[in-house]
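Biologist: Let's zoom in on a single part. Please walk me through what surrounds ligand 2, starting with the polar contacts and working outwards.

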Amino acid sequence: MSLKDVIHDIEGYQDIKSEIAVLKKYGFDYSAQRGRLDSILDMLHPKKLRLCVSEIIDETKSAKTLRLVPVQGYLPPFQAGQYISLVVEIGGVVTSRDYSMSSSPSQIGYYDVTVRRVGDGFVSEYLLDEAKPGDEFASSSPAGNFYYNPLIHGRDLVFIAGGSGITPFMSMIREVAGRGLDRRIHLFYGSQSPDDIIFGQEIEDLSRRHSNITWTSVISDPPQGYQGRAGFISADLMKEVLGDLSDRMFFLCGPEAMYTFCRKELAGLGVPGRRMRNEMYGPPKNITACQGWPEYIDADATVSVSMKGGKTITVRSTEPLMNSLERNGIVIPSLCRSGECSLCRTKLLKGKVFQPEGVKLRKSDRQFGYIHPCMAYPISDIEILLQ
Amino acid sequence: MPEYDAVVIGAGNGGLTGALTLARAGRKVLLLERHNVPGGCATSFVRGRFEFEVALHQLSGMGSAERPGPLRAVLNDLGVMDKLEFVEMENLYRVVWPDTFDITLRAERNAIVETLQDRFPKEKENIPRFFDLVYGFSMEMVQGLFFKDPEISKEKYPLFFKYALTPTRKVLDEYFSDPLLKAVLSIYWSYAGVPPTWLSFGDFAIMLFAYIEFKPYHLKGGSQALSNALLDEFINNGGEVRFNCGAKKIATKGGRVTGVVTEQGDTVQTRYVLSNASMLQTYLDLMDPDQVPRETLEGFRSTSIGPSAFSIYMGFDCEPEELGIQETTNFITTTTDMDKAFARWKTMEQQGVALFTCYDVSDPDFSPPGTCQAAFVSLQYGDPWSLVPPHQYYDAKYRYAEGMMELAEKAFPGVRGHIEEMEIATPMTHLRYLGHLGGAIYGHDQYTKDTPYFMANRSPVQGLYFAGAWAMQGGFQPTLTSGRSAAKGILKSMAKK
Ligand SMILES: Cc1cc2nc3c(=O)[nH]c(=O)nc-3n(C[C@H](O)[C@H](O)[C@H](O)COP(=O)(O)OP(=O)(O)OC[C@H]3O[C@@H](n4cnc5c(N)ncnc54)[C@H](O)[C@@H]3O)c2cc1C
Ligand SMILES: Cc1cc2nc3c(=O)[nH]c(=O)nc-3n(C[C@H](O)[C@H](O)[C@H](O)COP(=O)(O)OP(=O)(O)OC[C@H]3O[C@@H](n4cnc5c(N)ncnc54)[C@H](O)[C@@H]3O)c2cc1C
Ligand code: FES
């Protein structure tokens, strides 16, 4: 005998059986739910977007805005400060880079991304010199954790931007101005020269029309006879311009060196860590200068990377593993390319990699040998498991 | 075309233990997962200095090494215990009604009875009687049902036959008159996702019994450590896994599984599929309509999609004491009307009951030194969220979270001032990461009519098996167990061939 044989002896069993019988007749018909899951997902977080360049706007001599419209359907919403990972194919190599939206989230017809030249940059150069209206790109959905949180950030915001780091702030400023939001913003904007100031005119106009938006432009390499502020965004400057710093929330976006400098300055002014937030910056310019980099490995050292059950390639120790893989036609999923999002999570079977501070591995991922190849530098011959 | 003995769809708890059981039996197994990490709900994510635990608040059924519970036995069997370190929680929970009432119960029967008698002197006699019932019932259930007594009968197990399907509320009303006491005692209804009015006493009693007897647990590294350990052991046993690679179609022929097509368009051959995706999704979107018998879909008509969750994950720049947090598990409540609290899950109204868990209280290493984290969760259905227009989604999310934070501040004044990192997950977030309709975290609703006694869980398609919340019941212990049971079913069927 088993429960099956005596189950009807349980008190209430028959009543529930009858209830079920009725429900089977009149209950919800799920067959209409075919495809519903994907359609809900596509409205908020589609896996991939296809975008078309509708217009290219010259901003400065070194920066352009690409206006991107959806090839079909709608653009998913984003929070001002978020980015998309734009996929490009250049000379047979498929890779991707992140660009923060500079347009307001209220602008639901397009995403603007503003790209600045970085010297010998692979993708920025392509986007600035080759991209033209009508070109199509794949991209991720909007992502990233650099945005304003009304629950904890308060109403008094200070933005510290360096160079192309202005882009997420432009989105935030445009949103606050456009929606008339009750937030006070002061922007410190560091540029190399006066010609490098992206969106200068628009920021100036907005700050004239909106008393809650103010800004200070700071030039690091001022030309002869320059009248405005010159130098760095220092503690003295912030104290002078802002006065009382308590209850302010600081957002930083710019080159790595700026974070190190400004965070220290802010800490010196007594700003607690939780009142500062900075955007990621991608792999460091020069990994050999990073703290903890093994000195015995020089800048042009090479090692071999073998993929379990697949090919073996030779790579440079000083290039992120992900880039080397892409260069060899092996594309692994990526999003932040800064070690934070874990999308590229890969199992290291043998050998050693260097992962600079800032790579956000889960504790148990570390325990079980996972690495984030977008910010992992192979410092010995390695074997990885692509999953 | 590559061939596998079995393909497992989804690396949630059920998929992982299922895949591992098959691999350990020497079978060639492919595990497909849409997301980039194993675990489904059982996962974590990193923000700033913090690794946030997504789902696990209290692990049930573990027990100690000396007095192992059923889950410990399962994990032992799966060979993952030596990779994991478990943390026992001393207290069952605290219930706090700001400015009104505050009580903490130890995870120990006599201590609970004493504490409750102290606070509810009028119910002094009733309290031990109620626990006699909970324990008496549970012992019968363990003997009769779990150990499959071949002589099971109404006469031999009177409490089981009387109470298994009785609404919890009816039993509570029979024993007590103080609504506050009833609320405190039955607060775990929110773990089941069904209010006492509709929760079977069987489900409730065994849950309370198991948490008291086997103690609530957590583990070092959070639930992701468990998921990673299961996956690691799976790989060590020759299992193959593909992440960022969902299953798109289950191919069948003449009512029998023949293969699986992945999102990337690859086809693999197999005669067995173990699906950890929801049953609904499996039948609706993974199979051709003409391959699913009509009765199968109609069988779902008596069920409804269960709750999802709204969670706020917070990383603080100070220790728990500084925030007045003394317990790991804090239920914050503002009502004794559980039906009303439950009804709110279907709306965008402010919650009546929510759970605030601070892991660092029982595991000081959980967050970096000098910090701590909390997960503040209320269950909520996906429906109201699917009606929010996409461009109002973020505003809606903050508005709802603001209401939750006001509740949190009532229990822990000033917490907001120490938040360094915060992430908010809505039912839509769970829907995205789990691929379940409604973002359901416990599968379908688990009313009494949905308990296993009434379910025909054998699939009409040969070779198709299910594991996880949708196949049985939600929660860690049931889903981890379900994968192993389903895999054993597959192994049995394979052996017949
Ligand atoms: C979240 C986020 C948001 C961003 N938003 C914007 C934005 O709005 N606008 C914008 O312009 N940029 C933005 N960026 C930066 C952007 O993603 C790219 O990093 C930038 O365009 C440079 O890419 P690239 O391919 O042109 O340069 P890369 O080829 O990646 O080179 C970058 C730098 O690294 C050096 N380098 C290249 N290869 C190597 C190598 N093998 N070894 C050592 N050094 C090497 C180059 O000299 C160059 O200076 C953002 C980045 C992140 C992470
Ligand atoms: C906030 C929260 C708090 C919770 N608290 C607790 C608690 O304290 N105690 C407790 O016991 N339980 C708790 N739970 C519930 C518990 O976590 C879940 O019930 C359980 O983990 C579900 O496991 P599952 O096996 O059903 O798989 P799920 O976790 O539902 O995972 C399913 C997996 O399948 C994958 N998948 C789906 N479709 C496909 C496809 N087509 N192809 C490939 N892969 C696919 C998904 O990506 C996912 O990884 C909580 C859950 C949440 C979210
Ligand atoms: S792409 Fe985000 S961690 Fe590597």
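Modeller: Happy to. A polar contact here is a pair of N or O atoms within 3.5 Å; within protein, one must be able to donate a hydrogen and the other to accept it, and residues adjacent in sequence count only if both atoms are side-chain atoms. Bear in mind that this is a predicted model, where local features need pLDDT of at least 70 and side-chain atom pairs count only at pLDDT 80 or more, while totals for chains, interfaces and linings use all residues. Residues are numbered from 1 along each chain as its sequence is written, chains are lettered from A and ligands numbered from 1 in the order in which they are written, and side-chain values use heavy atoms, with hydrogens and water left out.

Start with Ile441(B), where a backbone N or O atom sits 2.7 Å from an oxygen atom of ligand 2. Gly14(B) does something similar: one of its polar backbone atoms is 2.8 Å from a ligand 2 oxygen. Then there's Gln58(B), with a polar backbone atom 3.2 Å from an oxygen of ligand 2. As for cover, the protein takes up 96% of the 1,000 Å² of accessible area that ligand 2 has on its own (Shrake-Rupley method, 1.4 Å probe).

Now step back to the whole shell, meaning residues with a heavy atom within 4 Å of the ligand. There are 34 residues around ligand 2, and the nearest are Glu33(B), Ala55(B), His436(B), Ile441(B) and Phe476(B). So Ile441(B) turns up twice in this story: it is one of those nearest residues, and it also brings a backbone atom to a ligand oxygen.

What is the shell around ligand 2 made of, by class? You get 15 nonpolar, 17 polar and 2 charged residues; Ala, Val, Leu, Ile, Met, Phe, Trp, Tyr, Cys and Pro count as nonpolar, Asp, Glu, Lys and Arg as charged, and the others, Gly among them, as polar.

Which parts of chain B do they come from? Helix H1 (13-24), strand S14 (308-316), helix H16 (427-434) and helix H17 (476-496) each put in at least two residues, and H16(B) gives the most, with 3 residues. These are DSSP runs numbered from the N terminus: helices are H or I with at least four residues, strands E with at least two.

Finally, the domains, whose bounds come from an automatic or database assignment. Domain 1 (6-84 + 221-303 + 448-496) and domain 3 (307-434) of chain B each supply at least three residues to the shell around ligand 2.
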